[in-house]
Each structure stands twice: as C-alpha cells, then as structure tokens.
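User: I'd like to learn how to read a structure like this one, feature by feature. Could you walk me through it?

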Amino acid sequence: MSRLEALPPYLFSALDEAKRRRLDAGADVVDLGIGDPDRPTPAVLVRAMQEAVARPVHHRYPAQYGSVEFRRAVAGYMRDRFGVTVDPVSQVLALVGSKEGLGHLPLAFITEGDTALVPDLGYPVYGQATLLAGGSPRPFALRSQNAYLPDPRALAGMADDRTRLLFLNYPHNPTGAVADAGFWRRMREAVADTPVVLVNDAAYLEVSLDGSRPVSMLQGADLERERLVELHSLSKMFNMTGWRVGFAVGNAEVIARLGRVKESMDSGVFGAVQETAALALGNGREELLAKVMGAYAARRRVMLAALERAGYEVFPGGATFYLWVRVPGGESSMEFCSRALAEIDLVITPGNGFGPGGEGWFRISLTASDEAVAEGARRLEGWR
Ligand SMILES: Cc1ncc(COP(=O)(O)O)c(C=O)c1O
C-alpha cells in the first residue's frame with residue numbers, strides 16, 4: 001500500500017454532500033462547522049501589507065528561514081508574553097502557517113517504521129503527516145474525565161526506541177482544553193531522558209475567550225538540553241488564515257532539522273507577509289488581540305446561554321473558538337449532526353471526526369457572523 005493510500009478516509013464527505021443538497025434546495029443553512037475566522041484581518045495590518053507589497057525587495061525570494069526582522073519580532077513576543085528567551089537565529093523558524101511545520105516535522109525525524117504518538121482526539125494532520133513520512137501514528141487517549149489532558153508519565157511510558165515525536169496541542173482543538181504550567185513541567189520532565197521530540201501545536205495559544213491567558217510549553221524549559229519545539233500561528237491571532245504565516249520556536253537542533261526539510265520543499269514566507277507579521281507581533285499586539293478575541297467571546301456567551309437553557313452539557317474549556325458539547329440522548333455524533341442538518345438546517349461537526357475519542361460529542365465553531373451564531377443558538381435551543 002502506498003503512503004497516500006494509507007491515509008485515513010475523509011469522514012465528513014456524506015455530511016458535506018447533504019449540506020450541498022440543502023443549499024441547492026435553497027435552504028437557509030447556518031454553518032457552524034468550519035473553524036475559519038469570518039472577520040477581516042485588522043485594518044492596520046492590511047494597510048501595512050499594502051505598503052510592503054509595493055517594496056521591490058519583497059518581490060524576490062524571501063529569507064528562507066525568516067527575515068531577521070521577523071525572527072527578532074518572534075523572539076520579542078516570546079520574551080514579553082511568556083518570559084521565554086530564544087535566539088532569533090538558531091531557535092526560530094518562519095513557517096507557511098503552523099500546518100506546514102506540522103506537515104514537515106515527521107520528515108525531519110521519522111524513517112520507515114518509526115512512530116509518533118498522536119492525540120485521540122485531535123487535529124488529523126499529526127497522524128497524516130507521520131504516515132506520509134513512512135511512520136506509524138500511535139494514538140493516545142484524551143478523555144473528558146481527565147479534562148482532555150494525558151497523564152505525562154503514562155504517556156512517556158508509551159514511547160519505545162522507535163518513537164521519534166510526541167504531538168500535543170494546547171489549547172486543544174476541538175475541545176478548548178488548556179494545559180497549565182504545572183502540566184507542561186511534568187510533561188517535559190517525563191520525556192527528559194528520552195530522545196523523543198516533544199511538539200506542541202500552539203495554533204490557538206492566543207485564542208482564549210474566558211479572560212485567562214494560556215501558557216507556552218517552553219516556559220521554564222532549558223532549550224539547550226530539552227528536545228522541544230512549539231509551533232505558533234498568526235492565523236487565529238489576527239484573522240490571518242489566508243496569509244499563511246506562523247513560526248516554530250525551540251531547541252536549535254530540532255529547528256535546524258525542520259529547516260533542512262523546508263529547504264527542499266518551499267522557499268519561505270512572502271517577505272511582505274513577514275514584514276506585516278513582525279508588526280503584528282510587536283507593540284500593538286495586545287490591543288489587536290483584545291479586539292479579535294472580544295468578538296468571539298461575545299458570541300460564546302450567546303451560544304453558552306442558549307445551550308445551558310436547553311440543558312446541553314458543554315465541556316468547560318475556555319480556549320479556542322469552539323464549543324465542545326455532549327450529544328444528548330445516546331445518539332452517535334454522526335446521527336445527531338446529520339439530524340441537525342436535516343431538521344434545523346444547522347451544520348455542526350461530529351466529534352468522532354477528530355478520532356474515536358470524540359464519539360458522543362459535537363463541536364460548534366464560533367467563526368461565523370454574530371447573526372449566524374445567534375441564529376444557530378436559537379435553532380439548537382428550540383430543537384430539544
Ligand atoms: C489544531 C490546529 N493546528 C494547526 C492548524 C493550522 O493552522 P495554520 O496552518 O493556519 O497556522 C489548525 C487549523 O485549523 C488547527 O486547528
């Protein structure tokens with residue numbers, strides 16, 4: 001079987017097809033399925049980009065590993081926001097979005113027959129990228145009764161001499177679960193004497209809607225010694241999913257290996273995008289973040305109130321722009337979400353699409369307009 005054929009099937013094709021049929025029939029479908037910000041990138045960043053685009057220096061190949069300016073901005077952000085000191089040259093790498101880094105990391109560490117530990121439930125890319133690199137993903141369970149956090153020692157105990165990577169993702173898509181500094185310390189300690197590279201997908205690190213500020217895995221770490229890498233993204237921070245920019249920060253050897261893979265794959269992030277991203281991470285960052293997250297927080301309140309009135313059980317994760325809700329009445333996730341589409345023209349995501357551990361739950365995305373979220377909330381509340 002080829003590596004491509006080894007990829008798992010796409011679970012949502014039947015649901016996508018049903019949605020297309022409802023739309024073709026002229027139905028007023030409310031789509032709270034995908035997690036792609038509906039609002040535009042802040043105007044100050046769009047204007048900066050418009051100016052940057054006109055500079056001929058950016059019309060040539062960009063700095064492959066990231067411009068000095070961009071990598072310094074990343075180092076400044078890591079220091080100001082998390083108290084983490086990184087060397088902008090050897091410990092920072094520009095990415096074409098965090099997904100690109102996740103996709104390429106297995107190629108840097110995995111040879112045929114190696115394994116990576118991947119969360120069940122979780123974003124499917126960790127396992128898929130491992131398969132494409134010729135490795136085998138080994139799922140570990142995240143469950144609601146443990147607040148979707150693994151036991152660090154038990155997890156480290158799953159690693160054997162073929163395990164190269166361990167993927168975590170906090171704040172967690174789809175549940176919104178958050179890892180605190182104590183968890184990260186225990187997790188780092190648990191893998192400290194193994195050759196496993198600990199990866200945190202931090203795409204949602206700034207998407208916190210309950211007023212808390214999630215922490216970085218790297219806080220308090222010794223990056224000279226510990227084999228850690230954290231992948232960040234501007235996509236969700238500043239409504240910039242279309243721009244394709246993120247960064248990897250971590251141990252210099254891990255960063256160098258990922259950089260070497262990328263040298264054969266892409267030629268870096270468009271210079272004008274890097275220039276604008278450096279601006280976004282700089283001085284005005286907190287103000288921009290407060291505006292972007294404030295809009296989701298308001299929608300979250302509307303949706304939570306409706307779910308509560310209707311008696312749904314919502315997992316109390318305060319991060320990401322998703323709500324993770326238990327399917328009532330013992331139906332499967334897929335049955336419930338198919339019925340929501342058929343009966344109230346509402347698109348929500350069945351939890352099992354994120355792995356078997358998501359069965360019995362569904363995900364609501366808050367990245368549709370205020371009106372759409374309010375209408376979705378009304379429909380869900382009236383439906384029960
Ligand atoms: C958990 C998680 N990680 C990474 C990504 C990729 O984000 P990007 O490549 O835009 O940085 C996504 C996108 O939805 C995601 O949900």
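Analyst: Sure. Let's start with a single residue: Val 254 lies in helix 8, which covers residues 252–263. Keep in mind that this is a predicted model.

User: Is Val 254 buried or exposed, and how do I read that?

Analyst: The general idea is a cut-off: buried means under 20% relative accessible area. Val 254 has 1% relative accessibility, so it counts as buried.

User: How far apart in space are Val 254 and Met 334?

Analyst: Two separations are worth reading side by side here, one along the sequence and one in space. Val 254 and Met 334 are 80 residues apart in sequence, and their C-alpha atoms are 39 Å apart. For another pair, take Glu 230 and Ala 203: they are 27 residues apart along the chain, with 9.3 Å between their C-alpha atoms.

User: Where does Glu 230 sit, and is it buried or exposed?

Analyst: Glu 230 is part of strand 7. Its relative accessibility is 0%, so Glu 230 counts as buried.

User: Now the ligand. Which residues come nearest to it?

Analyst: Begin with the shell, then go to individual atom pairs. There are 14 residues around the ligand, and Asp 201, Ser 233, Ser 235, Lys 236 and Arg 244 come nearest. By residue class, the shell divides into 4 nonpolar, 6 polar and 4 charged.

User: What about atom pairs: which distances to an oxygen atom of the ligand should I look at for Lys 236, Arg 244 and Lys 99?

Analyst: For Lys 236, a polar side-chain atom lies 2.6 Å from a ligand oxygen. For Arg 244, a side-chain N or O atom is 2.7 Å from an oxygen of the ligand. With Lys 99 the backbone takes part instead: one of its polar atoms is 2.9 Å from a ligand oxygen.

User: How much of the ligand does the protein bury?

Analyst: Compare the ligand taken alone with the ligand in place. Alone, it exposes 400 Å², and the protein buries 91% of that. As for its location, the ligand takes up the space of the largest pocket.

User: Back to Arg 244. What is its phi, and where is it found?

Analyst: Here you look at the sign of phi and at whether the residue is a glycine. Arg 244 is not a glycine, and its phi is positive, near 65 degrees. It is found in the loop between strand 7 and strand 8 (246–250). Arg 244 counts as partly exposed because its relative accessibility is 29%, and the cut-off for buried is under 20%.

User: What is phi for Tyr 148, and is that residue buried or exposed?

Analyst: Tyr 148 is not a glycine either, and its phi is positive, about 60 degrees. Look for Tyr 148 in the loop between strand 4 (136–141) and helix 6 (152–158). With a relative accessible area of 1%, Tyr 148 is buried.

User: Which peptide bonds are cis?

Analyst: Omega is the angle to check. Asp 120 and Leu 121 are joined by a cis peptide bond with omega about 25 degrees. Leu 121 lies in the loop between strand 3 (115–120) and helix 5 (125–132). From Asn 173 to Pro 174 the bond is also cis, with omega near 15 degrees. Pro 174 belongs to the loop between strand 5 (163–168) and helix 7 (181–191).

User: One last residue: what lies 3.0 Å from a side-chain polar atom of Ser 216?

Analyst: That is the backbone nitrogen of Leu 218. Ser 216 sits in the loop between strand 6 (197–201) and strand 7 (228–233), and it is buried, with a relative accessible area of 1%.

Notes: Residues numbered from 1 in each chain as written. Predicted model: local features only at pLDDT ≥ 70, side-chain atom pairs only at ≥ 80, totals over all residues. Heavy atoms only, no water. Near = heavy atom within 4 Å. Polar contact = N/O pair within 3.5 Å; in protein donor to acceptor, adjacent residues only side chain to side chain. Areas by Shrake-Rupley, 256 points an atom, 1.4 Å probe, with all protein chains shown as cover. 1 Å grid on protein atoms, 1.4 Å probe; cavity = no way out; pocket = protein on both sides within 12 Å on 5 of 7 lines; lining within 4 Å. Sits in = over half its atoms within 2 Å of the grid points. Nonpolar A, V, L, I, M, F, W, Y, C, P; charged D, E, K, R; others polar. Helix = DSSP H or I, 4+ residues; strand = E, 2+ residues; numbered from the N terminus. Buried < 20%, exposed > 50% of the residue type's maximum accessible area, 1.4 Å probe, protein only.
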